[in-house]
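Hi,

Here is the structure I wanted to pass on to you. Have a look at it first, and then read my notes below.

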Number of protein chains: 2
Amino acid sequence: MRTSQLFFPTLRQVAAEAEMASHRLLLRAGFIRQLAAGIYSFLPLGLRVLHKVEQIVREEMDRIGAQEVMLPNLHPEELWARSGRAESFGPELLKLTDRSERVFCLGATHEEVVTQLVATDLRSYRQLPLILYQIQTKFRDEPRPRGGLIRCREFYMKDAYSFDRDEQGLDESYHKVAQAYGRIFERCTLPHVVVEAAGGVIGGTETKEFMLLSEAGEDVLLLCPSCGYGASADQAQYGDSSALAPSAAELLPLEPVETPGMKTVEQVTGFLTVEPKDLVKTLIYSADGKTVAALVRGDRELNEESLRRALGAARTAMGTEELITRVTGAPVGFAGPVGLRAIPLIADEELRASRNFVTGGNRADLHLKHVNWDRDFQVTQWAKLRRAVAGDPCPNCNAALEEKRGIELAHIFKLGTDFSRALDAAFVDEAGERRLAVMGCYGVGVSRIAAALVEHYHDENGIIWPLSVAPYQVIVLILNQEDADQVKLGEELYSRLLESGLEVLLDDRPERAGVKFKDADLIGIPIQVVVGKRAAHGEAEIRLRRDRQPQTLPADQVVARARQLVEGLP
Amino acid sequence: MRTSQLFFPTLRQVAAEAEMASHRLLLRAGFIRQLAAGIYSFLPLGLRVLHKVEQIVREEMDRIGAQEVMLPNLHPEELWARSGRAESFGPELLKLTDRSERVFCLGATHEEVVTQLVATDLRSYRQLPLILYQIQTKFRDEPRPRGGLIRCREFYMKDAYSFDRDEQGLDESYHKVAQAYGRIFERCTLPHVVVEAAGGVIGGTETKEFMLLSEAGEDVLLLCPSCGYGASADQAQYGDSSALAPSAAELLPLEPVETPGMKTVEQVTGFLTVEPKDLVKTLIYSADGKTVAALVRGDRELNEESLRRALGAARTAMGTEELITRVTGAPVGFAGPVGLRAIPLIADEELRASRNFVTGGNRADLHLKHVNWDRDFQVTQWAKLRRAVAGDPCPNCNAALEEKRGIELAHIFKLGTDFSRALDAAFVDEAGERRLAVMGCYGVGVSRIAAALVEHYHDENGIIWPLSVAPYQVIVLILNQEDADQVKLGEELYSRLLESGLEVLLDDRPERAGVKFKDADLIGIPIQVVVGKRAAHGEAEIRLRRDRQPQTLPADQVVARARQLVEGLP
């Protein structure tokens, strides 16, 4: 392809709201353009990258015996009602009404559609196992689209669904897909860690995320540098800490204190000149319809997943303002454990070490000082409730956990039989018994991989694509389009590189050399062939985008050298 | 791929509403499944066909220098408002509201989005010409989805948009795309005719359709067997007919006649025992806001495009009930030219030959007999207004036109500057003048091609895929999965055919031979290799799906013969 004909409008500047490097560079390099918040067009160079990632994903899914299908994006709402997600999925699920007033959901994920598809034709155990996948556009009305292609409302992904005879079959399918994902990231040269994750609106009994570690990522992770344990911050567990020994401090007399209008930890601790760790937060939750109070230190966050597990509850939800007021008799911000006898009090284990702490007073504008458990209130249950933080002991090996940020690349779920029960995906087993298919689901963000690659591979001058996903492998720059020697040699090298089977871009625009160098560095083609003044002597330069160390070669060695570099590059 | 692992649920019967062969066979062969009216899932075999058609389309678009992009499907309604189509496109355009109450249109076509995309980055004439295309899902809320993949609400298409410096550039781009389309249909082995068509909601000054002739098609065409002229019935022109000489019949006295409740041509002509051709219909139209009456014979249909041209009007619309009542003073069904002096009367030229005809009486329940032009009313303008019919003279060569039915495969439009003006897609030309890009747009139905191929290539046993789009090239049938010789030879041939570079399906299911033959014929793989009882003697049969004439060969000649057949097949 010739740049003189290619639609790749490069920009020197982009709007300041593009905070992530991948967002800025994909815009500047003319790979994408925004149509609306979280909605992007892919220009020719951007689409070539997307297609390369897509093809790697396809090959690795095919390799594990998964079969590609294409499912619709208009889903009858009745179908989502059968799984219960028409409501529970929330406002991320876009809906529309057709000309005959029938409501459709716009494909955000395809568990319902694929389960119904399989249910229609599933008869016998001999049809299983089955892994179906598709690569297509998804629609989710994200509240905060960000980072260009990182978090979009319309994005390109591969989603897969496995159907097995039993749990053991699911384990095998889940393992196979996890391995395929590992190979996908390896071929894209994208380093990743696998962490335990939250099920969210997809649900499931076991779920893992594949993350690229990146300071620009929006997910916080806790990773064990010793044994490899990893989890998202809202899921991470931790081992027993030796710091939990009860304090030997003397119990001081309980003391009410007026705190007019002070509702936040910062306001109260600032006013009382104590540390946030010396305050205890009393959080009112609804757990499977019952009200509980959860106590954690003022400098900690509650891990809702841990709360759920400790209570053995299927669902928990933070209390509404109405519930909090009813239970505590006070406005939001003044809840405390003292006198709260009607509901169970579940306390974070860390509080065993706390003495003489501050809590709300269950009355407007009132807090209590020198509160102590046992003396002032009874704890119904002790449990690990707080979120893990850096330095906590690894739950497996007790090494200190480290906190990192990451970009989610993929997510895999063991779903079990929730969807197959709701949509009647059953088969007759070898013994003639009717059984529900055991399902898993698996997603990898194709457009997000493209962005993550830029986040990982760039410098101050632009993108540095790995060869496996680069839009072209080689770019030939003719520095002076009015110099007959340069044009002749550039065109000749372009033809010969193409003939040798490489993917080549020729910069034949009537632009200054500086513009061509800048654009070549910006768009990040891995190998640059520069045809300049030495063309008169039959010589050209070849260099890698990543180090830009030029090597001058006789023209007839350029193709061989380019091929050699292609072999050696990731 | 092994059929024992492939998800291709074949059916012996499908619902009676599947009237078209392609609809029935794609369902029966397990290529597609319906999710809702006009909304289909593609199963693995169906998607393979779709991908093959897609790749042919991509290669032919790339060959003419078009560049592939991917544009979003969520379009801000404001953008469609700028082109005026947010309203005018009608209920086929699906709309939805996001979480912040912003309205989006779901991608039915992409003129607005692509024009805005190009407008943002277009500066100079040197960036033109430019042809951008994409291959993706489109959404149109069709009032009457039909024929499976023939007319869907969610479908897969390639749409392209050209941007040129001037009309001459547009002519060249339009010609290039038309040629690419010709090559696409040739490679898909799909015969087609090119006809003049209506612009519809896309608009444009010149527009042509590529049609597959098929009795099952929903479009009516008029074709000249002599010179190749063709047009859709609502667009077809015709030459001058010698039958238009004025009648020599005597003018009879005008005679009012009571026709209580008789509003249709059938009712009136039945009651008065005259032929439909002896009645004249008076059709009230609004043309660019002015009211006119158009007169055509009772056995003819008005060609609205001809009316528009004759009046030099940009837009015409059939009169509303309110307008008709106001203009004629009578309910709908009783309009006539006599006494209708306030508005222009435009009459079809064919009426020059009519004498003593019947018309409405401009009063409820009244018609007039023995009406004659000139004597009873004045014609403002004579023009060719009626639709062409079979037997009419070709407008080019006067041969008799033939009527055929067809399936639309593709549609190309010269758009001019309507969209570039509305969305400000301008550039600076060589003289430094600011000019609007001159646009064309071009669509070809990828999923519709797949269905049209089945419509064209099938027999009573199933589909007969052309090799270029077949899901696999060869199928190997092991007739008895319990016969060790057959299994050994079948597996061996499967491996060797794969190694030779062919796309092969192996039927290794523990099914009866009859089931395997039926399924093989149904799914339509072009070459069948049958491994049966002769396997013990090291022999297999090879045959084409299209004629099923078996040839028995020693096993070691099967691969060579299969490759030979592949070379020879379309």
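**The sheet in chain A**

In this predicted model, chain A has an open sheet of five strands with mixed pairing, in the order β16-β14-β15-β17-β20. At its edges lie β16 (316-318) and β20 (381-383) of chain A, each of which pairs on one side only. From one strand to the next, the twist averages 35°.

If you want a place to zoom in, try β14 (residues 280-287) and β15 (residues 290-297) of chain A, an antiparallel pair joined over eight bridges. Within that pair, A:Thr282 has A:Leu295 in β15(A) as its bridge partner.

**How the two chains meet**

Chain A and chain B each bring 43 residues to the contact. On the side of chain A that touches chain B, the elements giving two or more residues are β1 (32-36), β2 (39-42), α2 (44-63), β3 (67-68), β4 (74-76), β5 (95-97), α5 (111-121) and β7 (130-139). That side of chain A is made up of 27 nonpolar, seven polar and nine charged residues.

What rotation relates the two chains? Chain A superposes on chain B after a turn of 179° with 0.0 Å of shift along the axis, at an RMSD of 0.3 Å. This is the relation of a two-fold axis. The C-alpha of chain A nearest that axis belongs to A:Leu96, 2.6 Å from it.

The interface residues of chain A are also interface residues in chain B, 100% of them, so the copies meet through the same surface.

Happy looking, and best wishes!

Terms used. Residues numbered from 1 in each chain as written. Chains lettered and ligands numbered in written order. Predicted model: local features only at pLDDT ≥ 70, side-chain atom pairs only at ≥ 80, totals over all residues. Pairing = 2+ DSSP bridges. Helix = DSSP H or I, 4+ residues; strand = E, 2+ residues; numbered from the N terminus. Axes fitted to C-alpha atoms, helices over the stretch in contact; angles between N-to-C directions. Contact = placed C-beta atoms within 7 Å. Nonpolar A, V, L, I, M, F, W, Y, C, P; charged D, E, K, R; others polar. Least-squares fit on C-alpha atoms with pLDDT ≥ 70 in both.
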